[in-house]
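Hi,

Here is the model for you to look over. My notes on its cavities, pockets and one set of strands follow below.

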Amino acid sequence: MRAFSYDRPDSVDAALRGVAGQPGTTTEAAVKFVAGGTNLLDLMKADVMRPERLVDISRLGLDRIEELDGGALRLGALARNADTAYDERVQTRYPMLSKAILAGASAQLRNMATNGGNLLQRTRCYYFYDTGTPCNKREPGTGCGARTGVNRIHAILGASDHCIAVHPSDMCVALAALDATVRVSGPKGERTIPFADFHRLPGDTPQIDSSLAADELITAIDLPAHGFAEHSTYLKVRDRASYAFALVSVAAALEMDGQTIRSARLALGGVAHKPWRDPAAEAELAGKPASLETFAEAARVLLRDAKGHSHNAFKIGLAGRAIVRALAEAAGVEHP
Ligand code: SF4
């Protein structure tokens with residue numbers, strides 16, 4: 001591992017002073033925040049990320065889960081993933097989120113990893129971690145090893161010629177379906193970022209994962225009051241029963257009127273550079289009877305532009321079946 005300097009400020013203002021003046025986005029920054037360190041330290045050991053300085057934010061007091069007016073809930077950026085998943089309010093009001101968090105990583109990692117860090121974790125593309133291979137995300141302009149290499153775990157939606165990586169988080173898929181909001185502090189004060197705008201597609205700048213600026217700090221994630229507790233689920237399909245990233249995952253949330261779907265939220269993980277939502281597929285469900293035929297049609301709409309690569313075309317059919325099953329579970333419809 002390369003040498004780096006280290007600070008441990010005790011306030012948000014002091015932490016922000018530690019990254020002040022850095023241009024660009026957080027993924028490109030020379031000075032990085034560290035909290036749980038469950039991804040960043042691995043990346044530094046592998047020489048994939050080379051920060052010159054780490055600002056340890058673990059003592060900023062951003063680890064609470066708090067009630068907001070109107071029944072909403074604020075998740076502190078430094079609350080641990082495990083503490084969030086097992087919080088009684090999260091389990092009761094946002095069971096889809098609790099299930100998604102517990103589907104990710106291992107118990108040890110969930111005990112260490114923070115909510116803010118979960119949003120900022122980087123792809124697990126094999127070539128991104130292998131410094132002997134080309135990777136536009138790690139070294140812009142070098143090419144993409146995955147496009148012509150092994151791409152079983154890669155994207156089927158929203159990819160570009162420059163990068164076909166997927167975002168690895170489970171938690172973020174549920175946060176996307178819930179329409180969460182990311183709260184951020186920076187040199188100009190506080191701002192909020194709708195979850196749909198936080199992560200980005202690769203385009204021709206795949207080295208940039210999110211819209212967070214290099215001199216900004218995530219302080220919290222706000223959940224709206226409506227958690228879809230009655231009719232929601234998170235379904236993860238993976239190679240092993242635990243400690244594996246999703247091949248495909250689905251966060252499905254419905255508002256029901258008897259057996260009719262009033263409105264729907266559908267987010268997919270493991271298929272794109274960000275949690276994937278498609279308004280057309282959600283509109284396809286609204287006003288329809290909750291049936292396997294309705295769910296299959298929504299899956300067809302969502303996957304209409306899906307494109308496989310040499311090893312991952314199987315994901316298109318897998319995603320379609322996962323969408324139908326998740327929607328059936330959320331609606332309480334029997335599924336074969
Ligand atoms: Fe790098 Fe993206 Fe290609 Fe993977 S898919 S090798 S992360 S450019």
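**Strand 6 and its partners**

Strand 6 (residues 181-186) is mostly covered, with five of its six residues buried. Buried here means under 20% relative accessible area, exposed means over 50%, and partly exposed lies in between, with a 1.4 Å probe and protein chains only. Strands are DSSP runs of E with at least two residues, helices are runs of H or I with at least four, and both are numbered from the N terminus.

Before you read on: this is a predicted model, where local features need pLDDT of at least 70, side-chain atom pairs count only at pLDDT 80 or more, and totals for chains, interfaces and linings use all residues. Residues are numbered from 1 along each chain as its sequence is written, and side-chain values use heavy atoms, with hydrogens and water left out.

Strand 6 pairs with strand 7 (residues 189-194) in the antiparallel sense, over six bridges. Two strands count as paired if DSSP finds at least two bridges between them. Strands 6 and 7 form a hairpin, with two residues between them. Strand 6 also pairs with strand 8 (residues 217-223), again antiparallel, over five bridges. Val182 has a bridge partner in each: Ile193 in strand 7 and Ile221 in strand 8.

**Cavities and the ligand**

The search ran on a 1 Å grid over the protein atoms alone. A cavity is a set of points where a 1.4 Å probe fits but cannot get out. A pocket is an open set with protein on both sides within 12 Å along at least five of seven lines. Lining residues have an atom within 4 Å of a point. Grid points are joined across faces, edges and corners, and a volume is the space filled by probe spheres set on the points.

There are two cavities of 30 Å³ or more. The largest holds about 90 Å³ of space. Of the 17 residues that line the largest cavity, Cys125, Cys135, Cys144, Cys163 and Ile164 are closest to its centre. Helix 8 and helix 9 each supply at least two residues of that lining. By class, the lining has ten nonpolar, six polar and one charged. Ala, Val, Leu, Ile, Met, Phe, Trp, Tyr, Cys and Pro count as nonpolar; Asp, Glu, Lys and Arg as charged; the others, Gly among them, as polar.

Where does the ligand sit? It sits in the largest cavity, meaning that more than half of its atoms lie within 2 Å of the grid points. Around the ligand are 14 residues, and Cys125, Cys135, Cys144, Cys163 and Ile164 come nearest. A residue is near if one of its heavy atoms lies within 4 Å. This shell divides into nine nonpolar, four polar and one charged.

The second largest cavity has about 60 Å³ of space. Its lining includes Gln121, Arg122, Lys137, Asp209 and His273. Three residues of that lining are charged, four polar and two nonpolar.

**Pockets**

The largest pocket has a volume of about 880 Å³. Of its 45 lining residues, Thr38, Asn39, Gly117, Asn118 and Gln121 lie nearest its centre. Helix 7 gives the largest share of the lining, four residues. By class, the lining has 23 nonpolar, 14 polar and eight charged residues.

The second largest pocket has about 320 Å³ of space. Among its 18 lining residues, Thr27, Glu28, Val48, Met49 and Arg138 are closest to its centre. Nine residues of this lining are charged, seven nonpolar and two polar.

Best wishes
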